[in-house]
Every structure is written in C-alpha cells, then in structure tokens.
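Please open the model in your viewer and keep the sequence panel beside it, since each stop on this tour begins with a selection. The stops move from helices to an interface and then to pairs of charged side chains.

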Protein chains: 2
Amino acid sequence: MLEQYQKQKKRTKSDFKAAMQPLTKQLDTLQRTVQKHNIAAIVLVDGWSASGKGKLTAAMIEPLDPRNYRVVSAESVASERGEPFLKRFWKILPPKGKFLFIERGWYRALYEDKESGLVRRKDYESRLDSIKRFERTLCDNGYVLFKFFLHIDENTQKERLSAYNANENTKWRVERRDLRQNKKYADYFEMFDRILIETNADTAPWRVIRSADSRYATEKVFEILTSGLQRALDEKQQGYITAPKIILPDKQLIKMPLLDQVPLENCHLTSERYKAELEKCRAELNILQQKIFRKKIPFIVAYEGWDAAGKGGNIKRLCQSFDPRSYEVEPIAAPTADELAHHYLWRFWIRTPKAGHIAIFDRTWYGRVLVERIEGFCTEAEYRRAYDEINEFEYELAKNGCGIVKFWLQIDKDEQLKRFHERENTPEKRWKITDEDWRNRERWDAYETAVNEMLSKTSTQLAPWHIIESNDKRYARIKALKIVIDAIKILLES
Amino acid sequence: MLEQYQKQKKRTKSDFKAAMQPLTKQLDTLQRTVQKHNIAAIVLVDGWSASGKGKLTAAMIEPLDPRNYRVVSAESVASERGEPFLKRFWKILPPKGKFLFIERGWYRALYEDKESGLVRRKDYESRLDSIKRFERTLCDNGYVLFKFFLHIDENTQKERLSAYNANENTKWRVERRDLRQNKKYADYFEMFDRILIETNADTAPWRVIRSADSRYATEKVFEILTSGLQRALDEKQQGYITAPKIILPDKQLIKMPLLDQVPLENCHLTSERYKAELEKCRAELNILQQKIFRKKIPFIVAYEGWDAAGKGGNIKRLCQSFDPRSYEVEPIAAPTADELAHHYLWRFWIRTPKAGHIAIFDRTWYGRVLVERIEGFCTEAEYRRAYDEINEFEYELAKNGCGIVKFWLQIDKDEQLKRFHERENTPEKRWKITDEDWRNRERWDAYETAVNEMLSKTSTQLAPWHIIESNDKRYARIKALKIVIDAIKILLES
C-alpha cells in the first residue's frame with residue numbers, strides 16, 4: 001500500500017487556513033453528536049520515525065473537549081509480564097462516547113521493541129490474526145476505528161532526523177532505532193507495506209497519509225476523521241454492517257450432550273467416600289497449584305450453572321486447596337455503568353489471571369448468551385455473534401499458555417425447588433434467595449435452550465465445557481476438583 | 001512490642017474446634033452486617049518469614065463470601081517507576097463494604113526489597129510519617145484497619161525453614177532472604193520491634209500474635225477480627241473518634257488575600273500584546289516540558305474557579321504547548337458510584353501523573369471543601385478535616401518530586417452574569433450552561449467564604465495557590481502560563 005514517494009506541491013498557509021476552518025468546526029460539533037450517540041472512536045496513528053505523529057495528534061485533539069479523549073502511546077501502555085499481548089489494549093479501550101488516540105498501538109507488537117526485525121515468524125502470523133480479530137470485534141460492537149499511517153520518503157526522514165539531532169532541545173528524541181530505520185529504509189518499507197496490506201480490513205482500513213508537508217497531512221486527516229464519524233453516525237441509525245468472519249485456527253468443537261440427556265440419578269457419594277476423596281484432591285491440588293505458580297502458568301476455572309446448583313460451595317472447596325495469595329475469585333454480577341460503556345468482554349479481559357495465578361469466575365462472559373439473551377439485554381445479532389467472539393477470547397488466552405476449564409453445574413427442576421425452599425426456611429441462608437431466582441426459574445425452558453446452544457458452540461479443545469452432575473453436592477465437588485487436577489496435569493506436561 | 005518468646009502449651013484440636021465454631025459463625029454474620037453498613041476493612045498481615053501468614057489468611061477468608069474480599073501480597077502490587085510509594089496502596093483500597101487482606105502491605109516499604117537493612121535513614125523516617133498519616137486518614141474516613149504481626153522465635157523459624165527446604169514441593173518457597181533473616185534473627189527482632197512501636201497508633205494498633213502454634217494464632221486472630229468489626233459497627237452508630245492529628249513537616253502556609261481584596265480592573269492585555277506573549281510562552285513551555293519529561297519529573301496544574309471563569313480556554317492554551325503524549329487533562333465531575341465507595345481522595349490518587357508527565361486537573365480534590373461543603377455532600381467534621389488531609393496528599397506528591405501549581409480563576413459577579421447570558425445566546429456554547437450554574441450563582445457568598453477559607457488553609461510552599469484575575473481572559477491565560485513556566489524552572493533548578 002505504500003507507494004514510492006512523489007514530491008507534491010506544498011499547501012500554502014492561506015489555503016490551509018481556509019480549508020481547516022470548516023473542518024475544525026465540523027469536528028467540534030461531531031464530538032458532541034458522537035458522544036450523544038454513545039459512539040467510541042479509536043484513532044491509531046502509526047508511521048515512520050520523524051513522520052510527525054505527535055504533531056498530528058496535537059492538531060486532532062485541539063478542537064476536542066479534554067473530557068472527551070485520552071492520548072496514549074503504545075510504549076507507555078504498561079504490560080504485565082506474561083499477559084497476552086492484546087490485554088493491555090483491551091484495558092485502555094475508550095468508553096462509549098469518547099475518543100482514544102493511540103500512537104502505533106497494537107501494531108507495535110508485530111515487530112520487536114529493540115530490534116529492527118519482525119517478531120518470530122510464527123508469532124508474527126498468529127499476532128496478525130489476533131489483531132484482525134480484535135479490530136473486527138471492536139467494529140462489530142460499535143467502535144469506530146481510524147488507522148493512519150504517516151508516510152515520508154527516505155530523504156525527508158534523513159533531513160528531519162538530522163535537524164532534530166542538530167538542535168539541543170530535540171536531540172534527545174532521536175533514538176538509535178530511528179537512525180537504523182533510516183539506514184535500512186528499503187527493508188522497513190517492505191515490512192510496513194506488508195503489514196498494511198495484511199491488516200487492511202473493510203471495517204478498519206488503513207489510510208496512508210503523505211506527511212512531508214504537515215499542512216497537507218493535517219487537512220487530509222481532518223477530512224477522513226469528520227467524514228468517518230459522520231458515516232458512523234449514519235450507520236448507527238441504519239444498523240451496522242458486520243465484518244466477514246475470521247476463522248479461528250484449531251477451533252475444534254467438542255460434541256456435547258443435551259442437558260436433558262444427562263443422567264443425574266447415579267451420581268452421588270457417601271459422606272465417608274467424599275471426605276477421603278476431598279482430602280486426596282486437596283493435597284494434590286495444593287502441589288499442582290504451586291507448580292503452575294512457579295512456572296508462571298495462568299489458569300481459569302469458569303463456573304456457570306442453574307441457580308442454587310451449588311456454585312458457591314463448589315468454588316469454596318476448590319479454593320481451600322490454594323495459597324490465598326495466588327488465586328482470585330471473580331464474582332460476576334450485573335455490569336456497572338462503566339462496564340456497560342465498554343465492549344462487553346472488557347470487564348473479563350481486565351480480570352484475566354496474571355502469570356501463575358488462578359482466576360475462578362463465579363458466572364462468566366457466557367452471560368452474553370444466557371441472561372442477556374433471555375432478558376433481551378442484547379440483540380439477537382449480538383448474541384449470535386458472541387459465540388465466535390467468546391471462542392476467540394478464550395483462544396487468545398489459551399494461545400498465551402492459559403489453562404481454561406469451564407463447568408456447567410447441572411441440577412434438575414425438582415432439586416432446584418427443594419433448595420429454594422430450604423433457603424427460604426433457613427434464616428442464615430435467606431439472603432441467598434431473591435425474587436430474581438424465582439423469575440429465572442419460570443424461564444427454565446428458555447434457559448435450557450440457550451445453555452444447549454452455548455455448550456454446542458463453545459466447547460473447544462482449548463477451553464472445554466464439563467457438565468457437572470450436581471443433584472448431589474458431594475459428587476459435584478469431587479468431580480470438579482478432579483477435572484481441574486487433570487487439566488493442570490495436562491498443561492504441565494505439554 | 002515483641003517479647004522474648006515463651007513456650008506455650010499447644011492448643012488441642014478439640015479445644016480449638018470448640019472455640020472456632022462460634023467465632024466462624026460470628027464472622028460469617030458480621031461480613032454481611034459490615035457490608036450493609038458500608039464499612040471497609042483492611043487486614044494487614046505482617047510477620048517473620050515462615051510465621052504462617054499465608055495459612056492464617058486462608059483461614060480468615062474461609063468463612064467469607066468471595067464477593068466480599070480481595071487478597072493481595074505487597075510484592076504483587078505493581079508500582080510504576082517513580083511513583084510515590086503509597087500510591088500503589090491507594091490504588092487497591094477496598095470499596096465500602098468489602099475486605100482487603102494484604103500481606104506486609106506498606107510496611108514492606110520500610111525496608112529494602114533485596115537487602116536486609118532498613119531503607120536510608122532519611123527515607124525511613126519520612127516513610128514512617130507517611131504511613132502514620134495514611135493510616136490515620138483511612139481510619140478517619142471509616143476504614144477499619146487490623147494489623148497483625150505473626151511472631152515466632154528463632155528456633156521455630158529455623159525448624160520450619162529446614163522442613164520447607166527438605167520437602168521437594170516447598171523447597172522453592174525458601175528464599176535467600178528468609179535464611180538471612182533467621183541468621184540475623186536478633187537484628188531483625190530489633191528492627192521489627194522498632195517499627196511496631198513507632199506505628200502503633202490508637203486507631204490502628206498492632207496485634208502481635210504468637211504463631212508457633214497455628215491453632216492458637218488462628219483463634220486469637222478470629223477473636224480480634226470479630227470483636228474489632230463489632231466495635232466498628234457500634235462506633236459507626238455513635239460517630240467516630242478522630243485520631244490525634246499528625247503535624248506535617250514543612251507545612252509553611254502562605255498568606256493569601258481575601259477574594260474581595262483582589263483588584264480585577266487593571267488586569268488586561270491588548271490582543272497584540274497577548275499574541276506576542278502567547279507565542280513566547282508557548283515556545284518556552286514546549287522546551288521546559290521536554291526537560292521535565294527527560295528528567296522524569298511529574299507535574300500537576302490544578303484549576304479551580306468560578307463557573308464561566310475561563311478554565312477551559314486557559315487549560316487549552318496551556319496544553320497547546322505540550323507534546324500530546326506526555327500530559328493528561330483530568331476533568332473532574334461528580335464522583336461515580338465506585339468513586340463514592342472509596343476514600344474521597346482515591347479518585348485523585350489514581351490520577352496523579354506518572355514520572356515525566358503533566359496532569360492538568362479541571363476542578364480538583366478541593367471539591368471536598370467547596371461544592372461538597374456547600375451542598376452538604378459531606379459533614380462539617382469531614383470538610384474541616386479535609387484541609388489537613390489535602391495538605392498531606394499534596395505533601396506526599398511534592399516530597400516525591402512532583403511540582404504542584406494551583407490556580408483560582410477569579411471573576412466578579414457582573415462578569416459571570418455577562419458570560420452566562422453570552423453562553424445562552426450563542427448556539428454552539430449553549431451546552432456549556434446548565435441550571436446548576438445558575439444555582440451555584442445564587443450561593444455566591446457561601447462559595448466566597450469557602451474559597452477564602454480554602455486559600456488560607458491550603459496554600460503551602462510546596463503547593464501554592466495563585467489567584468488569576470480572569471475578567472480579561474487574555475490576561476488570565478498569560479498569567480497562568482507564566483506561573484507554570486516559573487514553577488517548572490524552579491523545579492528544574494532545585
């Protein structure tokens with residue numbers, strides 16, 4: 001997409017001023033309309049060293065209200081050791097109605113920080129795909145994404161770097177890698193060009209901006225911004241055009257039984273057997289947890305299940321085996337206002353476990369295809385799309401070495417009723433039962449359909465579902481513990 | 001406070017069980033009462049290596065609902081380079097109604113991470129004071145703080161470390177510094193003892209727990225937890241006892257004029273003069289900003305002022321001089337639910353600038369003694385206490401090298417009325433004026449009293465207030481820019 005640079009006539013100051021006045025005013029107005037319509041915009045500025053990224057960003061934010069935007073550079077977005085490379089960008093996604101200006105952003109992750117070259121071939125391809133999926137799910141979920149690449153030719157770059165170097169106040173900004181880039185301009189040209197071509201999606205196209213003349217570049221970028229925001233507003237009223245799906249590698253679905261085909265009768269344990277098994281499992285888990293802690297392997301245990309199926313007690317038995325400083329229980333309730341203002345996966349991304357830690361989710365991102373689907377908190381298109389988005393989310397984590405085990409705690413309708421009554425009749429347990437539980441119970445069939453669909457579409461080799469027969473709590477606890485034990489063992493061996 | 005260790009009779013298993021049953025039940029109930037009353041509890045567990053901190057924490061969280069607590073160890077609380085040492089603990093303060101269990105916590109900051117010794121004498125004293133003030137403001141603002149120190153004698157420690165070392169599964173946990181601690185037990189004894197004595201405040205007392213017998217320790221800790229939480233609940237109903245003030249070092253107040261003694265008439269600039277000055281200031285600021293960026297000096301510019309005094313335009317002129325990647329504008333609106341659930345300074349602590357960055361606050365923490373005071377969003381005791389708390393907050397930042405400049409943008413009542421009408425009559429500006437502005441205007445006199453008190457009590461050498469005469473916007477902008485320029489210059493020279 002990068003073309004050999006052709007000299008242009010410079011834009012005169014007066015022409016520039018005349019062109020910019022209406023554009024600036026338009027952007028000033030658009031920022032408020034966009035906010036009113038809850039559209040978040042991400043403006044990614046990549047480009048050659050010394051191509052004027054900072055200056056251009058300064059120009060773009062000038063007409064904006066400081067409450068409406070945030071500026072970050074990829075270098076300053078801290079990444080914790082061992083986390084998936086996209087996590088830090090998920091963390092800083094702008095809430096609805098706001099702008100994020102980001103320098104280089106996730107594209108930086110395609111080449112080494114210190115070295116000139118690309119990341120390892122294998123990582124490169126895989127990261128490229130991750131980026132494509134990331135941008136697609138952003139656009140699908142209402143984010144507007146602008147990607148600018150500032151293009152200058154070899155000589156312009158050389159001249160600018162020399163000028164910076166000659167000035168006492170700007171000298172410090174020229175780093176060795178900038179000089180190296182100029183020296184190997186042709187190699188970089190090829191690399192950038194390839195990245196641009198490969199990530200030039202319909203919904204998130206690259207705009208290459210020739211920026212030897214900064215007036216020309218500024219004007220161009222303002223035109224693209226204003227027309228792009230205007231289009232986003234129009235589309236919002238017409239409904240989005242969903243981007244074509246990107247097939248996930250290795251997405252091997254595991255065939256799951258329907259819920260009503262899961263026999264619950266014979267799944268129970270005597271109290272003695274339970275105690276003995278529990279003790280054995282705990283000792284084993286304790287050691288396994290220390291091992292993954294030392295090896296810095298992150299691990300997720302995700303719990304879903306019917307109300308009163310025994311998630312709490314099950315989670316408790318699991319936690320008791322672990323060192324309290326190396327796991328987190330993440331109880332998932334209705335999203336807060338801040339969480340609602342972001343991509344629905346945002347609140348889960350920011351809670352994924354750090355290296356060596358175990359995150360136990362008490363309810364999960366599957367809320368999208370369960371409660372949100374059934375209560376109508378999202379549209380049909382949104383929950384239909386969610387199966388892929390969720391598989392991709394889990395894929396990103398698994399690819400980064402994270403173990404994932406997902407439990408569906410299954411009880412039958414009679415057992416649930418029995419437990420509801422028991423909760424109502426026990427003073428210490430009464431807080432556990434709410435009107436909402438009764439309401440959900442009335443929709444048992446709708447939930448069953450949704451659960452069956454979820455199990456069939458999201459049980460993958462990397463993140464399999466396990467149905468836990470839970471009419472007998474003791475049986476359920478031991479079964480869950482054993483599955484976690486096996487999963488950690490397999491992970492340690494792989 | 002540490003005593004020579006005396007051998008105790010071990011608690012028998014059956015005695016222990018009998019004692020723990022009611023305590024556990026009590027804690028289970030208390031967690032919900034405490035939550036209902038919006039009390040946040042912080043449980044800090046410090047102690048010798050191998051004294052059983054992890055095991056004790058595991059015991060404490062067992063009866064708790066995972067939604068009610070979070071466990072962290074000081075090691076895992078990330079600290080960004082150059083930030084004040086308390087910032088990372090401010091960041092993780094639990095919201096109201098929740099528990100935070102923290103291993104070592106801020107006490108770790110009193111001795112080097114890698115070395116056995118204390119931090120440098122000067123830093124040590126200053127950190128000790130910072131910790132005292134930190135704990136005091138937590139307690140004053142309704143947090144319940146438990147501080148446990150687990151105490152074992154030299155031999156017990158030696159035996160435990162040897163036992164860990166002998167076991168393949170626990171060997172990795174024994175670090176060199178643990179062995180070193182045992183080798184120099186007497187020195188550490190003296191150091192710990194001193195820290196305990198010096199930070200043994202009335203509102204945040206240390207509880208030394210002999211933990212050679214883990215049953216004894218667990219029981220003891222449960223007793224203290226339950227009775228402490230119960231006391232907090234009782235006190236909440238009676239009102240808190242405020243801890244004695246801790247005098248801030250170097251708090252030299254600068255005498256400020258009363259607002260009605262500030263002459264506004266002669267403060268104006270012609271358009272030409274303004275343009276010339278603006279250009280000069282910008283060039284200078286641009287270079288100065290690069291310098292503090294390179295030297296990793298953080299800087300805060302705080303704006304307060306009457307509605308329509310011109311904060312927005314003033315901030316804009318300031319920002320235009322800076323590289324967009326090295327400053328943040330922080331617009332402060334009404335606190336969110338999450339922010340309300342924390343100490344009122346929390347939302348400002350987490351927004352303080354990182355090393356080399358400039359944070360510009362559009363309204364500030366002074367809301368506590370302005371709008372919150374006048375609208376009755378806090379009690380009189382709370383806003384009276386806030387002057388000290390705010391001085392301490394700024395002191396912590398300044399001590400860490402951060403420059404702080406605070407502006408009060410002063411206009412008179414007639415000028416405000418003129419600007420309100422102008423906003424109402426200009427379509428593009430109409431969004432800027434709300435009913436609230438008119439309501440605030442009616443309370444002009446109450447605000448004036450509050451502002452005068454604020455200026456007189458919080459203008460310190462480290463964080464001085466500057467009154468900016470703003471009837472003429474051009475004059476105001478240039479004056480503010482020049483003050484920032486001078487402040488950065490002084491900081492660079494110091």
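Begin by selecting helix α18 of chain B in this predicted model, and colour its buried residues, which are B:A476, B:R477, B:I478, B:A480, B:L481, B:I483, B:V484, B:I485, B:A487, B:I488 and B:L492. If you then display what surrounds these side chains, the cover over them includes α9, β6 (299-305), α10 (311-319), β9 and β10 of chain B. At the N-terminal end of the helix, show B:D472 as sticks: this residue acts as a cap, with a side-chain oxygen 3.2 Å from the backbone nitrogen of B:R474. A distance drawn between the end C-alpha atoms of α18(B) reads 30 Å, which agrees with the 30 Å that its 21 residues should span at 1.5 Å a residue.

Next, select α17 of chain B, residues 444-458, where the same check can be made: 15 residues should span 21 Å, and the end C-alpha atoms are 21 Å apart. Buried residues of this helix include B:W444, B:Y447, B:V451, B:M454 and B:L455, but also B:E448, B:N452 and B:E453. Among the elements of chain B that cover the buried residues of α17(B) are α14 (380-399), α15 (413-425), α16 (435-442) and β10 (465-469).

Now show both chains and turn to the interface, where 37 residues of chain B are in contact with 36 residues of chain A. The area buried between the two chains is about 3,500 Å², with carbon and sulfur atoms giving 55% of it. Select B:W172, B:P324 and B:R325, which together supply 19% of the area that chain B buries against chain A, more than any other three residues.

With the interface still displayed, look for its charged pairs, of which the rule finds four salt bridges. One that joins the two chains is formed by A:R173 and B:D323, whose closest N and O atoms are 2.8 Å apart. Elements of chain B that each supply at least two residues to the side touching chain A include α1 (13-36), α9 (271-294) and β7 (327-331). By class, that side of chain B has 15 nonpolar, eight polar and 14 charged residues.

The next stops lie within single chains. Select B:E392 and B:R136, whose side chains meet in a salt bridge at 2.9 Å, N to O. Because B:E392 lies in helix α14 of chain B and B:R136 in helix α4 (residues 121-140), the pair ties together parts that are 256 residues apart in sequence. Both B:E392 and B:R136 are buried.

In chain A, select A:R363 and A:D307, another salt bridge, with the closest N and O atoms 2.8 Å apart. A:R363 sits in the loop between β8 (358-362) and α13 (371-374), and A:D307 in the loop between β6 (299-305) and α10 (311-319), so this pair ties together parts that are 56 residues apart in sequence. Are the two residues buried or exposed? A:R363 is partly exposed, with a relative accessible area of 27%, whereas A:D307, at 12%, counts as buried.

For a last view, select A:R373, A:E380, A:R384, A:E453 and A:K457 together, since these residues are linked in a network of salt bridges.

Technical notes:
Residues numbered from 1 in each chain as written. Chains lettered and ligands numbered in written order. Predicted model: local features only at pLDDT ≥ 70, side-chain atom pairs only at ≥ 80, totals over all residues. Heavy atoms only, no water. Contact = heavy atoms within 4.5 Å. Buried area = accessible area lost by both parts, 1.4 Å probe. Helix = DSSP H or I, 4+ residues; strand = E, 2+ residues; numbered from the N terminus. Nonpolar A, V, L, I, M, F, W, Y, C, P; charged D, E, K, R; others polar. Expected span 1.5 Å × (residues − 1). Buried < 20%, exposed > 50% of the residue type's maximum accessible area, 1.4 Å probe, protein only. Polar contact = N/O pair within 3.5 Å; in protein donor to acceptor, adjacent residues only side chain to side chain.
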